[in-house]
Structures are given as C-alpha cells and as structure tokens.
Amino acid sequence: MAKDKQQVVVSIYPDWCKGCGICAAFCPGEVLELGPDGKARVVQGATCRNCGFCEHHCPDFAIVVKTKRRIANNREVDHAHEG
Ligand code: SF4
Ligand code: SF4
C-alpha cells in the first residue's frame with residue numbers, strides 16, 4: 001500500500017486579509033502572492049511545506065493551513081454515524 005502522504009490545503013479568508021504581504025514575502029514554498037485585489041492568494045499550493053508560518057504570522061488570522069488527511073478523517077467520522 002502506498003505511503004499515506006499528507007497534502008496540505010491553505011485557505012485564505014479575503015475579508016480578513018488586509019494585504020500586508022507578510023505571508024507571501026516569507027513563505028518558503030512560494031505558495032502565496034498578493035493578487036490584483038490586494039489580497040493574498042494561493043498560486044501553487046502543491047509546494048506548501050506545512051511550516052505554519054503564514055497561519056502563525058498573519059496579523060489578521062486570515063490564513064488556515066490544514067492537511068487533507070485530517071479533513072478526510074473528519075469525513076470518515078461523519079459517515080460512521082450514518083450506519
Ligand atoms: S499575512 Fe494575512 S493579512 Fe497579510 S497579506 Fe497575508 S493573509 Fe493578508
Ligand atoms: S504553511 Fe508555510 S509553506 Fe505553506 S503556505 Fe504557509 S508559509 Fe507557505
């Protein structure tokens with residue numbers, strides 16, 4: 001069986017983002033940039049290293065980093081209640 005590789009999902013809440021650019025400037029995976037609307041956006045999620053820098057340093061708590069495996073586990077818990 002293939003090794004369970006975690007995929008990282010970076011979510012940005014534009015309403016909370018003030019466009020300071022800290023996340024884009026210091027992201028080691030070059031995942032983020034400021035879009036034309038002045039808000040942060042994900043440009044290449046696949047290179048996210050799950051370091052957590054953006055989530056921990058965003059002054060407005062506008063970024064959340066999660067792993068897909070964690071999301072999948074939550075779904076499995078939901079399905080278990082259906083049976
Ligand atoms: S650090 Fe937060 S507020 Fe600043 S650009 Fe990134 S998401 Fe927006
Ligand atoms: S968790 Fe790290 S690598 Fe991933 S987007 Fe945030 S700063 Fe970049």
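Here's a quick briefing on the two ligand surroundings and two loop residues in this structure. Keep in mind that the model is predicted. Ligand 1 has 14 residues around it, and ligand 2 also has 14. Away from the ligands, the residues to look at are Glu-30, with a positive phi, and Phe-61, also with a positive phi.

**Around ligand 1**
- Cys-17, Cys-20, Cys-23, Ala-40 and Cys-58 come nearest to ligand 1.
- Sort the shell of ligand 1 by class and you get 10 nonpolar, 2 polar and 2 charged residues.

**Around ligand 2**
- For ligand 2, the nearest residues are Cys-27, Gly-29, Cys-48, Cys-51 and Cys-54.
- The shell here splits into 10 nonpolar residues, 3 polar ones and 1 charged.

**Glu-30**
- You'll find Glu-30 in the loop that runs between helix 1 (22-26) and strand 2 (32-34).
- Its phi sits near 50°, which is positive even though the residue isn't a glycine.
- Glu-30 counts as exposed because just 11 other C-beta atoms lie within 10 Å, and the cut-off for exposed is 12 or fewer.

**Phe-61**
- Phe-61 belongs to the loop between helix 2 (53-57) and strand 4 (63-67).
- Here phi is near 55°, again a positive value in a residue other than glycine.
- With 11 other C-beta atoms within 10 Å, Phe-61 is exposed, so this aromatic residue falls under the 12 or fewer cut-off.

Note on methods. Residues numbered from 1 in each chain as written. Chains lettered and ligands numbered in written order. Predicted model: local features only at pLDDT ≥ 70, side-chain atom pairs only at ≥ 80, totals over all residues. Near = placed C-beta within 6 Å. Nonpolar A, V, L, I, M, F, W, Y, C, P; charged D, E, K, R; others polar. Helix = DSSP H or I, 4+ residues; strand = E, 2+ residues; numbered from the N terminus. Buried ≥ 20, exposed ≤ 12 C-beta atoms within 10 Å, placed from the backbone.
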